[in-house]
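Welcome! Let us walk through this structure together, one stop at a time.

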Amino acid sequence: MANLKEIRNRITSVSSTMQITSAMKMVSAAKLKKAQDAITAMRPYAEKLTELLQNLSATLDGEVGGDYTTQREVKKVLLVAITSNRGLCGAFNSNVIKEVKNRTEFYAGKQVDVFAIGKKGNDVLSKTHKVHGHHNAIFDHLTFENVAGIADSLTEKFLTGEYDRIELIYNQFKNAATQIVQTEQFLPLAPIKSDAAVSTGDYIFEPSKEEIVLTLIPKSLKTQLYKGIRDSFASEHGARMTAMHKATDNATELRNQLKLTYNKARQAAITNEILEIVGGAEALNG
């Protein structure tokens, strides 16, 4: 059995760890509220933009997406892995990294590169994949304008033929305890269809329906990427809050066990001292 000093040191160490994890949990809980409100407010806009694009394109004949819908033979694929800059958030980052590796196996025999958004994904994937580029500072100033620049860069890579397909891989926020890994096709755009009945009312489009669709597509791509990063940002804080909550509970349980062990060891030491005193007294009397 460890001596009393060693047990006291372990109790102090576990208590310090428990204070840190508890503080991190509260910080993530505060950030989660803001991030959750942002993604909740954005989803209706993103869905409405997609619906508008579908309704407009459904009234047109032929291919209206231009180069954005060009289906080429898939030889070069770019996987956009969205992770976090910091760890201590459970399986949040490892799930995305695992999905990137799964997609790489799916495209076996083809050139598969990675574009990393987030330091953790870049650090791990750069050892096993060709990381074409990375953005780590985006989470410091997460705005639509900053994300739009990344979306334009990715779009340019597709339009110039540098890559035949671009996919987004990220954690979709469901709640604080649940994050779902999503793989979305970014480019080329899937054929735009609408199951809803298309209105045939007498509308005047200015400049034209075709030009409106081609204007909405780049905006829709920027919104799709921004929504993915926003989803990942909210998921990160949810995962970290859950992980730190479990870590705090485990530290509390370990501290209680150590205190019980300490009390038992202390009681055993006191009992041994009493026995030694009694034995010494008996020896003197004898």
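This is a predicted model, and our tour begins at isoleucine 20, which lies in helix 1 (residues 4-58). Is isoleucine 20 buried or exposed? Its relative accessibility is 52%, so isoleucine 20 counts as exposed, the cut-off being over 50%. Now look across to threonine 248: 228 residues separate it from isoleucine 20 in sequence, yet their C-alpha atoms are 8.6 Å apart in space.

Next, please find arginine 230, which has its place in helix 5 (residues 209-285). This arginine is buried, but it has no salt bridge. The nearest side chain of opposite charge belongs to glutamate 145, and it is 9.3 Å away; a salt bridge would need the charged atoms within 4 Å. What the side chain of arginine 230 does have is a polar atom 3.3 Å from the backbone oxygen of leucine 142. Leaving aside residues up to four places away in sequence, arginine 230 touches Ala38, Ile39, Met42 and Leu142.

Our last stop is helix 4, made of the 16 residues 144-159. How far should helix 4 span? At 1.5 Å a residue the expected span is 22 Å, and the end C-alpha atoms are 22 Å apart, so the two agree. Several residues of this helix are buried, including Val147, Ala148, Ile150, Ala151, Leu154 and Phe158. The buried residues of helix 4 pack against strand 1 (76-82), strand 2 (111-117), strand 3 (130-135), strand 4 (165-175), strand 5 (178-187) and also helix 5. Just after helix 4 comes glycine 161, with a positive phi of about 85°.

Notes
Residues are numbered from 1 along each chain as its sequence is written. This is a predicted model: local features need pLDDT of at least 70, side-chain atom pairs count only at pLDDT 80 or more; totals for chains, interfaces and linings use all residues. Side-chain values use heavy atoms; hydrogens and water are left out. Helices (H or I, at least four residues) and strands (E, at least two) are DSSP runs, numbered from the N terminus. Buried means under 20% relative accessible area, exposed over 50%, partly exposed in between (1.4 Å probe, protein chains only). Lys and Arg count as positive and Asp and Glu as negative; His and the chain ends are not counted. A polar contact is a pair of N or O atoms within 3.5 Å; within protein, one must be able to donate a hydrogen and the other to accept it, and residues adjacent in sequence count only if both atoms are side-chain atoms. Contact means heavy atoms within 4.5 Å. The expected span of a helix is 1.5 Å times one less than its number of residues.
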